[in-house]
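Me: I've got a structure open and would like to go through the labels people attach to it. Could you tell me what stands behind each one?

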Amino acid sequence: MSFTEEQLRAALSSVSYPGFRRDILSFGLVKEVAVDGHDVKVQLVLSTSDSKIPGQLRSEIEKALTAVSGVEKVTVLIDLQAPVAAPSAGPIPLAGIRHVIAVASGKGGVGKSTVAVNLAIALQQAGAAVGLCDCDLYGPSVALMCGAKERPRANEQDQIIPVERHGIKLMSMGLLLEEEAPAVLRGPMVTRYTQQFLRQVAWGQLDYLILDLPPGTGDIQLTIVQTIPLSGAILVTTPQEVALLDVRKAASMFQKTNVPILGIVENMSYFISSEDGKHHAIFGTGGGAREAERLGVPLLGEIPIEPAIGHSGDAGAPFLISSVSSEASSVLRKIAKQFSVIISEKN
Ligand SMILES: Nc1ncnc2c1ncn2[C@@H]1O[C@H](COP(=O)(O)OP(=O)(O)OP(=O)(O)O)[C@@H](O)[C@H]1O
Ligand SMILES: [Mg+2]
């Protein structure tokens with residue numbers, strides 16, 4: 001054998017899961033790599049309903065490994081398991097919920113949680129039953145933004161009872177973790193934890209369950225799109241090119257997993273001068289609109305930079321509750337209205 005195990009690992013870690021930035025190795029999909037002379041045998045475990053993915057991965061793995069000098073024959077064995085949330089896999093975990101909506105972005109800090117919280121409030125104020133779930137294991141920002149501090153309790157069925165604030169039901173994965181847990185949760189553990197979490201919350205009857213996703217396209221996002229059927233995703237971006245580049249990756253993840261993209265929200269689009277009321281596009285203009293056009297989805301709104309948005313988050317009172325009339329609040333309400341129209345047309 002003229003090649004090392006390290007070279008094989010390096011080659012495998014250059015193969016990403018279709019639609020994701022993460023590689024198959026760090027996703028924990030490679031079960032075994034066996035070497036016999038110049039021949040390499042790789043065993044993969046996949047759980048996907050997309051029939052194109054196994055073949056795609058097989059040919060990429062073959063390509064990557066045969067490029068390692070000394071490797072002659074590559075065999076890829078694929079153990080295809082049924083997706084966890086397939087309707088035939090048992091009880092439907094999110095019964096009673098009409099629409100599950102993901103709020104996502106490629107880049108961090110663009111305003112997903114702000115959009116998710118205020119969309120939830122606007123829908124609740126319009127009469128809907130709304131749940132809001134922070135799916136970021138590492139930072140429970142939704143709970144903070146809504147001023148929820150208590151630890152959730154469990155019911156007799158061992159389900160977690162969501163906390164109620166401002167008329168919406170709230171839950172955060174982060175609220176349930178012990179302090180040291182996030183650092184040790186990686187790959188397959190994150191997957192298991194996320195699946196378990198999604199099934200174990202007693203949401204009751206909801207019109208909308210809004211999922212505030214962590215940024216990017218990692219384990220948590222992959223698990224969510226594979227575990228529960230989403231009605232759609234809203235992508236949040238800022239006007240900068242870096243954020244737009246990343247939002248394309250998030251869009252591609254949803255497209256590859258057959259989750260409809262309902263629209264784009266551009267946040268921090270402009271600053272309104274307190275002196276003359278003029279709009280100043282600090283980060284450039286039209287990026288969100290161009291991206292929406294490229295994806296063939298509506299631009300749901302362009303939210304201005306308003307310092308009160310940041311203050312309301314810190315104070316634990318959602319912006320739409322603490323600041324009833326402002327330009328940003330009317331844009332946020334318009335986004336919720338447009339969203340309701342789009343989702344009702346899907347029914
Ligand atoms: N339009 C805005 N004007 C002023 N401040 C804003 C605006 N939108 C968001 N913020 C502030 O910017 C910060 C980041 O927003 P937020 O937490 O909603 O982003 P995020 O995309 O959820 O971040 P993460 O990727 O960390 O989850 C927060 O402090 C928030 O209050
Ligand atoms: Mg967030």
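Me: Let's start in a sheet: which residue of strand 3 does Val42 stand opposite?

Reply: Val76. Keep in mind that this is a predicted model.

Me: What makes strand 2 and strand 3 a pair?

Reply: Two strands pair if there are at least two bridges between them. Strand 2 (residues 39-46) and strand 3 have eight, and they run in the parallel sense. Another of the partnerships is Asp39 with Lys73 of strand 3.

Me: And what joins strand 1 to strand 2?

Reply: Six bridges, with the two strands antiparallel. That count also passes the mark of at least two, so strand 1 and strand 2 pair as well. Val35 is opposite Val40 of strand 2 here. The two strands make a hairpin with two residues between them, and Gly37 in the turn has a positive phi of about 65 degrees.

Me: Why is the pairing in this three-strand sheet called mixed?

Reply: The order is 1-2-3 in an open sheet. Strand 1 and strand 2 run antiparallel, while strand 2 and strand 3 are parallel, and hence the pairing is mixed.

Me: Why do strand 1 and strand 3 count as edges?

Reply: Strand 1 (30-36) and strand 3 (73-80) have a single partner strand each, so one side of each is without a neighbour in the sheet. From one strand to the next, the twist averages 15 degrees. Helix 2 (residues 52-66) packs on this sheet, touching strand 2 and strand 3, and its direction makes about 155 degrees with that of strand 3.

Me: Over to strand 10. Why is Met268 called buried?

Reply: The cut-off for buried is 20 or more other C-beta atoms within 10 Å. Met268 has 24, so buried is the right word.

Me: Phe271 is in strand 10 too. Why is Phe271 called partly exposed?

Reply: Phe271 has 16 C-beta neighbours inside 10 Å. Buried takes 20 or more and exposed takes 12 or fewer, so Phe271 falls in between. Beyond its neighbours within four places in sequence, Phe271 is in contact with His280, Ile282, Pro304 and Ile305.

Me: What makes Asn258 exposed?

Reply: Asn258 has 11 other C-beta atoms within 10 Å, and 12 or fewer means exposed. Asn258 sits in the loop between helix 8 (241-256) and strand 10.

Me: What's unusual about the phi values?

Reply: Most residues other than glycine have a negative phi. Asn258 has a positive phi of about 60 degrees and isn't a glycine. Met268 also has a positive value, near 60 degrees.

Me: Which residues are closest to ligand 1?

Reply: Gly108, Lys112, Ser113, Thr114 and Gly313, out of 20 residues that surround ligand 1. Helix 3 (112-125), strand 10 (261-272), strand 12 (299-305) and helix 10 (307-315) each give two or more residues to that shell. By type, the shell splits into ten polar residues, seven nonpolar and three charged.

Me: Last one, on the whole protein: how do you know that its radius of gyration agrees with a compact globule?

Reply: For 347 residues, a compact globule would come out near 20 Å, and the protein has 22 Å, which agrees. The C-alpha atoms fill a box of roughly 75 × 55 × 40 Å along the principal axes. In the protein, 41% of the residues are buried, and there are twelve helices and twelve strands.

Terms used:
Residues are numbered from 1 along each chain as its sequence is written. Chains are lettered from A and ligands numbered from 1 in the order in which they are written. This is a predicted model: local features need pLDDT of at least 70, side-chain atom pairs count only at pLDDT 80 or more; totals for chains, interfaces and linings use all residues. Helices (H or I, at least four residues) and strands (E, at least two) are DSSP runs, numbered from the N terminus. The radius of gyration is taken over C-alpha atoms; the globule rule is 2.2 Å times the number of residues to the power 0.38. A residue is near a molecule or strand if its C-beta atom, placed from the backbone, lies within 6 Å of it. Ala, Val, Leu, Ile, Met, Phe, Trp, Tyr, Cys and Pro count as nonpolar, Asp, Glu, Lys and Arg as charged, and the others, Gly among them, as polar. Axes are lines fitted to C-alpha atoms, for helices over the stretch in contact, and angles run from 0 to 180 degrees between N-to-C directions. Two residues are in contact if their C-beta atoms, placed from the backbone, lie within 7 Å.
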